[in-house]
Amino acid sequence: MSFGWSAGDVASAIALLVKIGSAPKESGGAATDYQEAIDFLSSIEKSLNGIKKLLDENKDLTWESELNEQVVHVKSAVDRFRAKIDKYDLSLGADSSRSTARKIPRKVQFALMADVKDFRSTILQSQIILDGFVNLQSL
């Protein structure tokens, strides 16, 4: 009698269990991943503010429209991602005062959320483009 499970299914199930098992850790788990995501967002927002200041102070930039387009793209991605992860702040934030038992469900949910890696890859591409435009502008 066959259960219909392949070796890949078993490997995926084991990987999922490992991910869930490591999520509640205080260091190296979901809370650390969450804090790294928040730090990354803050860094991106600072970069966007710097580019906005550059655009505001220099109205005659050659690549102004392209810079604006990328800034809008990145800003909307940041806003969407922040809206998705804001619900985790009470449990995973640096100032969380919740008990360990109350944190665990959010830690597991955050660990299973694949959006963090997708967000970083989306932003990284736009960040490279923005860096290129800023460097071209300085030539």
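These are my notebook entries on a predicted model of a protein chain, written as I looked things up.

**Entry 1: overall fold**

I started with the secondary structure. The protein chain comes to 6 helices and 0 strands. Reading along the sequence, I get the pattern α-α-α-α-α-α. The chain has 139 residues, and 29% of them count as buried. I also looked at how far apart in sequence the contacting residues sit. Taking contacts with a separation of 6 or more, 74% are between residues 24 or more positions apart.

**Entry 2: the nonpolar core**

Next I went to the core. Which residues have the most contacts inside the largest nonpolar core? I found Phe-81, Ile-85, Phe-110, Phe-119 and Ile-123, in a core of 29 residues. At least two core residues each come from helix 2, helix 3, helix 5 (100–112) and helix 6. Helix 2 gives the most, with 11 residues.

I picked out Phe-81 for a closer look. Leaving aside neighbours within four places in sequence, I have Phe-81 in contact with Ala-37, Leu-41, Met-113, Asp-115, Val-116 and Phe-119. One of those partners, Phe-119, is also on the list of residues with the most contacts inside the core.

**Entry 3: Ala-37**

I followed the Phe-81 contact back to Ala-37, which is found in helix 2. Is Ala-37 buried or exposed? Its relative accessible area is 2%, under the 20% cut-off, so I put Ala-37 down as buried. Beyond the neighbours within four places in sequence, Ala-37 is in contact with Phe-81 and Arg-120. I also noted a C-alpha to C-alpha distance for Ala-37 and Arg-82: they are 45 residues apart in sequence and 9.4 Å apart in space.

**Entry 4: Ser-126 and Gln-70**

Now a polar pair. Ser-126 lies in helix 6, which runs over residues 115–137, and Gln-70 has its place in helix 3. What joins the side chains of Ser-126 and Gln-70? I find a polar contact of 3.5 Å.

I checked the accessibility of both partners. Ser-126 has a relative accessible area of 4% and is buried. Gln-70 comes out at 12% relative accessibility; that is under 20%, so Gln-70 counts as buried too.

Then I listed what surrounds each of them, without residues up to four places away in sequence. Ser-126 is in contact with Gln-70, His-73 and Val-74. Gln-70 touches Ser-126, Ile-129, Leu-130 and Phe-133.

**Entry 5: further along helix 6**

The Gln-70 list sent me to Ile-129, which is found in helix 6. Why do I not mark Ile-129 as buried? Its relative accessibility is 33%, and buried means under 20%, so Ile-129 goes down as partly exposed. I took one distance here: the C-alpha atoms of Ile-129 and Glu-66 are separated by 9.4 Å, with their positions 63 residues apart along the chain.

Val-134 was my next stop, and its place is in helix 6. At a relative accessible area of 29%, Val-134 is partly exposed. Not counting residues up to four places away in sequence, Val-134 touches Ile-51, Leu-54 and Leu-67. I also looked at Trp-63, which is 71 residues from Val-134 along the chain; their C-alpha atoms are separated by 8.2 Å.

**Entry 6: the second largest pocket**

Last, I turned to empty space. Rolling a probe the size of a water molecule over the atoms shows where such space is left. I looked up the second largest pocket, which holds about 160 Å³ of space. Two elements give two or more residues to the lining of this pocket: helix 2 (30–57) and helix 3 (64–85). Which helix supplies the largest share of the lining? I have helix 2 down for it, with 6 residues.

For the record, I wrote out the lining of the second largest pocket: Glu-45, Leu-48, Asn-49, Lys-52, Leu-55, Asp-56, Asn-68, Val-71 and Lys-75. How do these residues divide by type? I sorted the lining into 3 nonpolar, 2 polar and 4 charged.

**Entry 7: looking back**

Helix 2 turned up more than once in these notes. I logged helix 2 as giving the most to the largest nonpolar core, and the largest share of the lining of the second largest pocket also comes from helix 2. For helix 6, I logged Ser-126 as buried, whereas Ile-129 and Val-134 are partly exposed.

Conventions. Residues numbered from 1 in each chain as written. Predicted model: local features only at pLDDT ≥ 70, side-chain atom pairs only at ≥ 80, totals over all residues. Heavy atoms only, no water. Helix = DSSP H or I, 4+ residues; strand = E, 2+ residues; numbered from the N terminus. Buried < 20%, exposed > 50% of the residue type's maximum accessible area, 1.4 Å probe, protein only. Polar contact = N/O pair within 3.5 Å; in protein donor to acceptor, adjacent residues only side chain to side chain. Contact = heavy atoms within 4.5 Å. 1 Å grid on protein atoms, 1.4 Å probe; cavity = no way out; pocket = protein on both sides within 12 Å on 5 of 7 lines; lining within 4 Å. Points joined across faces, edges and corners; volume = space filled by probe spheres on them. Nonpolar A, V, L, I, M, F, W, Y, C, P; charged D, E, K, R; others polar. Core = buried A, V, L, I, M, F, W, Y, C linked by side-chain atoms within 4.5 Å.
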